[in-house]
Amino acid sequence: MSNAYAKAGVDVEAGYEVVDRIKKHVKKTERIGVMGALGGFGGCFDLSGFQLKEPVLVSGTDGVGTKLAVAIAADRHETIGIDCVAMCVNDILAQGAEPLYFLDYLATGKNDPERLEKVVAGVAAGCVSANMALIGGETAEMPGMYQGDDYDLAGFAVGIAEKAQLITGQSITTGDILLGLPSSGIHSNGYSLVRKIFFDQHGFSLEETIEGLDSSLADVLLEPTKIYVSTLLPLVKEEKIKGAAHITGGGFIENIPRMLPENVAASIDLGTWPVLPVFDCLQKYGEIPAHEMYEIFNMGIGMVIAVAPEKASEIIDQIRKSGEEVYQIGQVVPFEEQKVVIAEGKK
């Protein structure tokens, strides 16, 4: 071990231990296309087995944001990696891509091999759920950049699609039906506001079960982001989805328009799906106007898809048979003044 590096606060041996610990988790994510073993200078993936006429690679990158601060404060690190994968893979899924592989970047002030193994184990679990390989990544120990137990996590996903089957939203037209797939919770957006409301303004503790919730704040706030690959990819391949919007930061107001052509808008019918209790609590304790909630949070809907009206019932049945719930939450209407019209007074 380098004594000079150790004096600078970097434990090289701990870094080696992290790599050894995570190998078994990476092994679980192997799929067709993976080449080589963990530890090379670059991850390799063989595309020759994909018989596509015009293959298009689709990539997405994201982090977990200040949800990490909740995980660190609660000393719970097993699921935060799932969030990182989900935020990336749901984005490329919304473009019509089949996930192929993932790389992560984990930076910390001090290597704690046991804790970092938990984080990467979560990343691997997310990859398994999305049927994608974890083919590489980076763990960086940077004392002076990160203090104490702080760490940061980011990653990127790559998927593949037939060019003609990419979901562009350009075929969406007036009368199309909007279906919403439920979220598992807050997912990984808005946590700066969440933390301000619950901890700064009201002084709640993570292990406290506040009025309106059935579980502790730690349990509710660290519920991992849902991954929609197994539910939606079959519909993508059958070309039944005209448009898809992953509901992340910016809520309904920012994300749904991203899938819509210029001449149409989305009309959302409140009361057509159950809003999760955590959002009612945030609105109550934060004194947030109802319309602003839909500009910040997913409100219980993690993914919105646009489908042809004549196929809506068939698609709803197909999703439910896969074991997931789905709600008809609105329709596509002509654009007038707003890209997203949320009906008032129904919820």
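Which residues of helix 5 are buried? Select helix 5, residues 113-130. Its buried residues (under 20% relative accessible area with a 1.4 Å probe, protein chains only; over 50% is exposed and in between is partly exposed) are Pro-113, Arg-115, Leu-116, Glu-117, Val-119, Val-120, Gly-122, Val-123, Ala-124, Gly-126, Cys-127 and Ala-130.

The model is predicted: local features need pLDDT of at least 70, side-chain atom pairs count only at pLDDT 80 or more, and totals for chains, interfaces and linings use all residues. Residues are numbered from 1 along each chain as its sequence is written, and side-chain values use heavy atoms, leaving out hydrogens and water.

**Helix 5, end to end**

Put a distance on the end C-alpha atoms of helix 5: they are 26 Å apart, which agrees with the 26 Å expected for 18 residues at 1.5 Å a residue (the expected span is 1.5 Å times one less than the number of residues). Then step to Asn-131, just after the helix, where phi is positive at about 55°.

**Whole chain**

Zoom out. The protein chain has 12 helices and 12 strands (DSSP runs numbered from the N terminus, helices being H or I of at least four residues and strands E of at least two). Its C-alpha atoms fill a box of roughly 70 × 55 × 35 Å along the principal axes. The radius of gyration is 21 Å, which agrees with the value near 20 Å for a compact globule of 347 residues (taken over C-alpha atoms; the rule is 2.2 Å times the number of residues to the power 0.38). Of the 347 residues, 51% are buried. Among contacts (heavy atoms within 4.5 Å) between residues at least 6 apart in sequence, 84% join residues at least 24 apart.

**Residues 174-340**

Select 174-340 next, which UniProt lists, in an unreviewed entry, as "domain: PurM-like C-terminal"; such annotations may be inferred rather than shown by experiment. The end C-alpha atoms of this span lie 13 Å apart, and the span is 34% helix and 19% strand.

**Strand 9 and its partners**

Now pick strand 9, residues 264-268, where five of five residues are buried. Val-264, Ala-266 and Ile-268 point one way, and Ala-265 and Ser-267 the other. In a regular strand the side chains alternate between the two faces of the sheet.

Add strand 11, residues 327-334, which pairs with strand 9 in the antiparallel sense over five bridges (pairing requires at least two DSSP bridges). Here Ala-265 has Val-333 as its bridge partner. Finally, add strand 12, residues 340-342: this pairing with strand 9 is parallel, over three bridges, and Ile-268 stands opposite Ile-342.
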